[in-house]
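Trainee: Could you take me through the surroundings of the ligand in close detail? After that, I'd be glad to hear about any unusual backbone angles.

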Amino acid sequence: MTTMTAETATRTAGPGAAVTLDAVTRTYGEVRALDGVSWTFPRGTFTAVMGPSGSGKSTFLHCASGLDRPTSGTVRIGGTDLGQLSEAKRTRLRRERIGFVFQAFNLVPSMDVEQNITLPLQLGGVEPDRAWLDEVVRRVGLAERLRHRPSELSGGQQQRAALARALVTRPEVVFADEPTGALDPRTARDVLRLLREAVDQTGQTVVLVTHDPVAAAWADRVVFLSRGRIVDELVAPTVSTVMGRWESL
Ligand SMILES: Nc1ncnc2c1ncn2[C@@H]1O[C@H](COP(=O)(O)OP(=O)(O)OP(=O)(O)O)[C@@H](O)[C@H]1O
Ligand SMILES: [Mg+2]
């Protein structure tokens, strides 16, 4: 067993690209869900991905995070080309360097909150860093709920547990697919603040898919997808500039 240490923390720092997509295409039969997407997410940045339903946002996130393999093109996490890795190595890289927040939470019903949060560490044979675990749990506001099962939590609490699970390994990159879609505005704001802090305080990289201009305005940059392509980009977004760009898509 190893412990999460400074080595893990420093991996998130430093300049350069956190994630690079080069000419990534993903087809499902006749459907080109992603159509030659090239993009670089610099380290320590917060990017929102927006676009109409079916424009390829989830596919983009799944390919960029190594959950899915592109039909063609390359994806790099830091300097590592995911296409060159075996299935086992790719799974390990995902577990160690990437956090993923699913829209549907994907918590394990039979485990309590703490077991769910520390699951990625258990799977990797890594002893939790108790201080960091406490910090993450405190930030998501679930300290009083650690012994509860997901079914005993509200939707917002489940989403915050899923977020804690994505943050506990101190991943270089956190991908989140509409994590605030089912939340009331206040809980949504808590989740967005946590993602913002992951970037500002820990130097992590966040990629957030959202339909919500308020959520997108928390990001440093918004990229707009349409029919599997990146068609626009907005730097330093505000709610009104996001809405304006959205209207013209
Ligand atoms: N497993 C699959 N099999 C076949 N087609 C798929 C599959 N997954 C996605 N698609 C298709 O790829 C396109 C992009 O889907 P994707 O889920 O990436 O869209 P999205 O932008 O995330 O949409 P939403 O906002 O509704 O979540 C859609 O036309 C969808 O029907
Ligand atoms: Mg989607």
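**Around the ligand, and two backbone angles**

Mentor: Happy to! Two elements, β3 (31-42) and α2 (57-64), each give at least two residues to the shell around ligand 1. Keep in mind as we go that this is a predicted model. Of the two, α2 deserves your attention, since the largest share of the shell, three residues, comes from it. Read along the chain, the residues surrounding ligand 1 are Tyr-28, Val-31, Ala-33, Gly-51, Ser-53, Gly-54, Ser-55, Gly-56, Lys-57, Ser-58 and Thr-59. Sorted by class, that shell holds seven polar residues, three nonpolar ones and one charged residue. The charged one is Lys-57, while Tyr-28, Val-31 and Ala-33 are the nonpolar ones.

Now for the backbone angles. Arg-227 is not a glycine, yet its phi is positive, at about 45 degrees. You will find Arg-227 in the loop that joins β11 (221-226) to β12 (229-235). Arg-227 counts as partly exposed because 14 other C-beta atoms lie within 10 Å. On the other side of β12, in the loop leading to α10 (239-247), sits Ala-236. Ala-236 also has a positive phi, about 50 degrees, without being a glycine. Here the C-beta count is 10 inside 10 Å, so Ala-236 is classed as exposed; the cut-off for that label is 12 or fewer.

Definitions and conventions
Residues numbered from 1 in each chain as written. Chains lettered and ligands numbered in written order. Predicted model: local features only at pLDDT ≥ 70, side-chain atom pairs only at ≥ 80, totals over all residues. Near = placed C-beta within 6 Å. Helix = DSSP H or I, 4+ residues; strand = E, 2+ residues; numbered from the N terminus. Buried ≥ 20, exposed ≤ 12 C-beta atoms within 10 Å, placed from the backbone.
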